[in-house]
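This report covers ring contacts and a pocket in one protein model. Please look over the sequence and the structure before reading on.

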Amino acid sequence: MENDYTMIVEVLAEPGESNIAITDVSDTDMEVLEPMLLDIQQHRGYYPTGDMCKRGQLTARDLYRKHQGWDVFESIVPRPPSGFNTIISVRLFRQEPLKMEML
């Protein structure tokens, strides 16, 4: 039986811009996301997008596109208009009928 989880991704965005995304993910999604999330963690959350990409620096695509979970994660992360350069946190909760339990 496949479990469902709720993933909350928070990014460092410009003040006033949406910086949180809440998404349901499955065990299958987590299998492909885990190596990428560990790589992001090793880079201390560095994930530059949009206006936060500076000339000569690596973008999120350059750093993480090699991972099988790239497309899944790109559909999950929030999209503030100015972009962002750091993922502050990724929280995962197991869904149960009456409560959500932080993993």
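How many aromatic pairs does the count come to? In this predicted model, the count comes to four aromatic pairs. Ring pairs join Y47, Y64, W70, F73 and F84 into a cluster.

Two of the pairs involve Y47, and their geometry is listed here.

| Pair | Centre to centre | Angle between planes | Class |
|---|---|---|---|
| Y47 and Y64 | 5.4 Å | 10° | stacked |
| Y47 and F84 | 5.7 Å | 5° | stacked |

The pair of Y47 and Y64 links distant parts of the chain: Y47 sits in the loop between α1 and α2 (60–64), while Y64 belongs to helix α2, 17 residues apart. F84 lies in the loop between α3 (70–76) and β3, so its pairing with Y47 ties together parts that are 37 residues apart in sequence.

Are these rings buried or exposed? Y47 and Y64 are both buried. Y47 has 0% relative accessibility and therefore counts as buried, the cut-off being under 20%. F84 also counts as buried because its relative accessibility is 0%.

The other topic is the largest pocket. Its space comes to about 280 Å³. Thirteen residues line the largest pocket, and those nearest its centre are L37, L38, I40, Q41 and V90. The elements that give two or more residues to this lining are α1 (27–42) and β3 (87–95). Which element gives the most to the lining? That is α1, with six residues. By residue class, the lining of the largest pocket holds eight nonpolar, three polar and two charged residues.

Terms used: Residues are numbered from 1 along each chain as its sequence is written. This is a predicted model: local features need pLDDT of at least 70, side-chain atom pairs count only at pLDDT 80 or more; totals for chains, interfaces and linings use all residues. Side-chain values use heavy atoms; hydrogens and water are left out. On a 1 Å grid over the protein atoms alone, a cavity is a set of points where a 1.4 Å probe fits but cannot get out, and a pocket is an open set with protein on both sides within 12 Å along at least five of seven lines; lining residues have an atom within 4 Å of a point. Grid points are joined across faces, edges and corners, and a volume is the space filled by probe spheres set on the points. Helices (H or I, at least four residues) and strands (E, at least two) are DSSP runs, numbered from the N terminus. Ala, Val, Leu, Ile, Met, Phe, Trp, Tyr, Cys and Pro count as nonpolar, Asp, Glu, Lys and Arg as charged, and the others, Gly among them, as polar. Rings of Phe, Tyr and Trp (its six-membered ring) pair if their centres lie within 6.5 Å; planes under 30 degrees apart count as stacked, over 60 as edge-to-face and the rest as tilted. Buried means under 20% relative accessible area, exposed over 50%, partly exposed in between (1.4 Å probe, protein chains only).
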